[in-house]
Amino acid sequence: MDKVKLEPTAAFVIDLAADLFAADDLTRRYVERLDLSSARELIEDAKREGVYELSRELMCSRKFTVRRELLEAAADASSPVQVAILAAGKSPVSLEILGSRGAGVKKIFEVDVSPFDDKRRLYELLAPESRGRVAFLEEDVCSPRLIDRLRGLGFDPTAKTVVVLEGITHYLPPEKLRTCLASFASGRRRNRAVIEFGPPFETLADWVRPKARAVYRSIEKICFRSGMVKYAADELRGLLSSLGGSLDRHYRMNEMERLRTGANRFFKEDNSGWVEVVVGTL
């Protein structure tokens with residue numbers, strides 16, 4: 001099977017998180033079958049701006065934290081949970097879940113507007129046990145028919161669900177993000193939401209602000225012509241509350257780095273990272 005070619009931003013993210021993926025044999029073998037050449041310009045831009053190493057540390061800590069919260073939600077549940085990964089792209093999150101906490105997960109649903117054919121073949125090649133455990137749905141994450149289409153793949157709207165939004169809030173204005181999350185609102189705070197987002201530039205530490213702008217400017221120039229969307233944690237708190245949920249945890253990058261590495265080498269202040277994660281109920 002030829003290597004699977006990725007679009008630039010997806011390839012850039014996989015490149016930045018390579019150290020994290022290399023620590024696990026299954027995700028390492030998955031990444032080895034991806035063609036990341038489309039990220040060359042983004043990588044060169046990051047190196048030229050002097051933010052490549054910092055971006056790698058940030059991406060590894062972001063992905064570590066999202067995975068950690070997802071696995072903890074599965075471990076804390078009294079019975080196996082469903083997992084919905086929105087805008088899943090080529091990220092191997094499902095492989096990480098099955099390898100680390102497979103018994104606590106009933107089924108995983110990956111959703112994206114892009115075709116899943118190559119990813120499905122890779123999963124079945126590297127992890128045959130994923131067949132029947134991971135379902136793929138080509139659909140807009142804000143579509144009003146999302147839950148109905150998921151139901152056709154075995155999704156149970158009455159079962160506890162962990163929904164993951166990683167790498168997608170940057171492209172969703174508030175009304176679309178609310179529509180997306182509303183699909184998974186239980187009305188009883190039964191479900192969990194793990195949401196990664198970018199805080200407003202003006203809230204960042206002085207030293208990191210130009211670095212954050214450089215990273216976003218590079219991505220916007222190559223892949224996303226309009227400005228990417230920023231959120232404050234309080235804005236997400238209000239959004240979750242409006243859907244009958246709550247915001248329970250707020251991870252800033254210094255905490256994420258400390259959780260992953262045991263120290264704060266790169267991100268020392270609360271506002272030193274241009275990516276944050278919140279965890280809440282729906």
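A residue counts as buried under 20% relative accessible area, as exposed over 50%, and as partly exposed in between. The structure described here is a predicted model, and Arg217, at a relative accessible area of 46%, is partly exposed in it.

**Salt bridges**

Arg217 pairs with Glu49 in a salt bridge whose closest N and O atoms are 3.8 Å apart. Arg217 belongs to helix 10 (residues 209-222), whereas Glu49 sits in the loop between helix 4 (40-48) and helix 5, so the salt bridge ties together parts that are 168 residues apart in sequence. Glu49 is partly exposed, with a relative accessibility of 43%.

Side chains of opposite charge can pair when their charged atoms come close. The model contains 25 salt bridges. Three of the pairs are listed below.

| Salt bridge | Closest N and O atoms |
|---|---|
| Arg217 and Glu49 | 3.8 Å |
| Arg151 and Asp148 | 3.9 Å |
| Asp248 and Arg192 | 2.8 Å |

The pair Asp248 and Arg192 connects two strands: Asp248 lies in strand 8 (residues 246-251) and Arg192 in strand 7 (residues 192-197), so parts that are 56 residues apart in sequence are tied together. Asp248 has a relative accessible area of 39% and is partly exposed. Elsewhere, Asp25, Arg28, Arg29 and Glu32 are joined into one network by salt bridges that share partners.

The pair Arg151 and Asp148 lies within one element, helix 8 (residues 146-151), where the two residues are 3 positions apart and thus separated by about one helical turn. Asp148 is exposed because its relative accessible area, 52%, is over the 50% cut-off. Arg151, at 46%, is partly exposed.

**Nonpolar cores**

In soluble globular proteins, nonpolar side chains tend to be buried together. The largest nonpolar core in this model has 67 residues. Tyr30, Val83, Ile97, Ile108 and Trp274 are the residues with the most contacts inside this core. Helix 5 (residues 52-76) supplies the largest share of the core, with 9 residues.

For Ile108, leaving aside residues up to four places away in sequence, the contacts are Val83, Ile85, Ser94, Ile97, Leu98, Arg133, Val134 and Ala135. Two of these partners, Val83 and Ile97, are themselves among the residues with the most contacts inside the largest core.

A second core, separate from the largest one, has 33 residues. Leu137, Leu165, Leu177 and Ile195 are among its members. Ile195 falls within the residue range of strand 7 (residues 192-197), the strand that also holds Arg192.

Methods:
Residues numbered from 1 in each chain as written. Predicted model: local features only at pLDDT ≥ 70, side-chain atom pairs only at ≥ 80, totals over all residues. Heavy atoms only, no water. Core = buried A, V, L, I, M, F, W, Y, C linked by side-chain atoms within 4.5 Å. Buried < 20%, exposed > 50% of the residue type's maximum accessible area, 1.4 Å probe, protein only. Helix = DSSP H or I, 4+ residues; strand = E, 2+ residues; numbered from the N terminus. Contact = heavy atoms within 4.5 Å. Salt bridge = Lys/Arg side-chain N within 4 Å of Asp/Glu carboxyl O.
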